[in-house]
Amino acid sequence: MSIAKKIELYGASTPNVHKVLFALEELNIPYNFNVLNLRNGDQFSEEFKKINPNSKVPAIFDPNVEGGLAVFESGNILQYLATRYGNGKYLPNPTTDIKGNTQVLGWLYWQMSGLGPTQGNLNHFNKYAPEKIEYALKRYSNELSRLLHVLEKELKDHTFIVGDQYTIADMAIYGWIRYLYMYPEYSSQEFPNLFKYMDRVRSIPSVNKVVTEAEEDLKKDPQKPFTDEERKIMFGQNGKSNQN
Ligand SMILES: N[C@@H](CCC(=O)N[C@@H](CS)C(=O)NCC(=O)O)C(=O)O
């Protein structure tokens, strides 16, 4: 399908946004990247809430649909892009391949509901919590280890998570597991298939482009500790104020 107008992507350099960048690049979809400053609370602006009422990134706006279409939740965005622009390659068409379609969506939802939140919570308690809470750290590192063993076993006999074709499920999974370098306790000795898979996905040109750019941006502008104000914006929201 030809794409007349650029898709607007709203995001920042984060794992859930990288997932969408992998798809946009792989599918050769023209896009504008609108960078939000999450620490300043751009995600809570009334303007952005018209695109994503949940005030999170990523979100996209596709002007090629009549009346325009806003899409939020990274898994939904991947599903949307693959369905509308992917010709069944990255998400099999359910009418011709119900098995393939359901398997890819199974792993996509597994990433959305399991791997992403677990890694996100581990990261939060490890890097951002003001005090070290052993129980939370143990709970999320155990669960992450369990999920990685699920992947390890699954990847034993095939190239990508569903057979030999790179799909939106791999885009979603790799968006998160590429950050495992932050946790040396998950090693290539324990997870040999998973580490080989990470190299394989990284070597896909569209993935390599996105990750290399993200790495270069991080080198130029390393993450600074949060100020108290930024901490309040990022972690203090409870839905009660007018702000969110
Ligand atoms: N389930 C959502 C999660 C989105 C999410 O948590 N995004 C983070 C960045 S990866 C964010 O917007 N953080 C800013 C905030 O929480 O205010 C998705 O996959 O799109």
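Here is a walk through this predicted model, from its domains to its ligand and a few backbone details.

Let's start with the overall layout. The domain assignment splits the protein in two: domain 1 is made of 7-87 plus 222-235, and domain 2 covers 98-203. So that you can place them relative to one another, take their C-alpha centres, which are 21 Å apart. The contact between them draws on 18 residues from domain 1 and 18 residues from domain 2.

How much area is buried there? A common yardstick for an interface is the accessible area lost when the parts come together. Between domain 1 and domain 2 that comes to about 1,500 Å², with carbon and sulfur atoms giving 68% of the buried area. As for specific interactions, the rule finds 0 salt bridges across the interface of domain 1 and domain 2. Polar contacts do turn up: 6 residue pairs, with both partners at pLDDT 80 or more, meet that way across the interface.

Now look at the side of domain 1 that touches domain 2. Three helices, α1 (15-26), α3 (74-85) and α9 (228-235), each put in at least two residues. Of the residues on this side, α1 provides the largest share, with 7. By residue type, this side of domain 1 divides into 7 nonpolar, 7 polar and 4 charged.

Next comes the ligand. Around it you'll find T14, N16, L38, Q43, F44, K56, V57, P58, E73, S74 and M112. Three of these residues are worth a look for their polar side-chain atoms. In Q43, a side-chain N or O atom sits 2.7 Å from an oxygen atom of the ligand. For K56, the distance from a side-chain N or O atom to a ligand oxygen is 2.6 Å. S74 also has a polar side-chain atom 2.6 Å from an oxygen atom of the ligand.

Two of the residues surrounding the ligand, V57 and P58, also stand out in the backbone. The peptide bond that joins V57 and P58 is cis, with omega at about 10 degrees. You can find P58 in the loop between α2 and β3 (59-62). Another backbone detail is at N28, which has a positive phi of about 55 degrees although it is not a glycine. N28 belongs to the loop between α1 and β2 (31-35). Why point these out? Because most residues other than glycine have a negative phi, and most peptide bonds are trans.

Finally, back to charges. The structure as a whole holds 9 salt bridges. One of them pairs the side chains of E46 and K49, at 3.4 Å from N to O. Where do these two sit relative to each other? E46 and K49 are 3 residues apart in helix α2 (residues 46-49), so about one helical turn separates them.

How values were computed
Residues numbered from 1 in each chain as written. Predicted model: local features only at pLDDT ≥ 70, side-chain atom pairs only at ≥ 80, totals over all residues. Heavy atoms only, no water. Contact = heavy atoms within 4.5 Å. Buried area = accessible area lost by both parts, 1.4 Å probe. Salt bridge = Lys/Arg side-chain N within 4 Å of Asp/Glu carboxyl O. Polar contact = N/O pair within 3.5 Å; in protein donor to acceptor, adjacent residues only side chain to side chain. Helix = DSSP H or I, 4+ residues; strand = E, 2+ residues; numbered from the N terminus. Nonpolar A, V, L, I, M, F, W, Y, C, P; charged D, E, K, R; others polar. Near = heavy atom within 4 Å.
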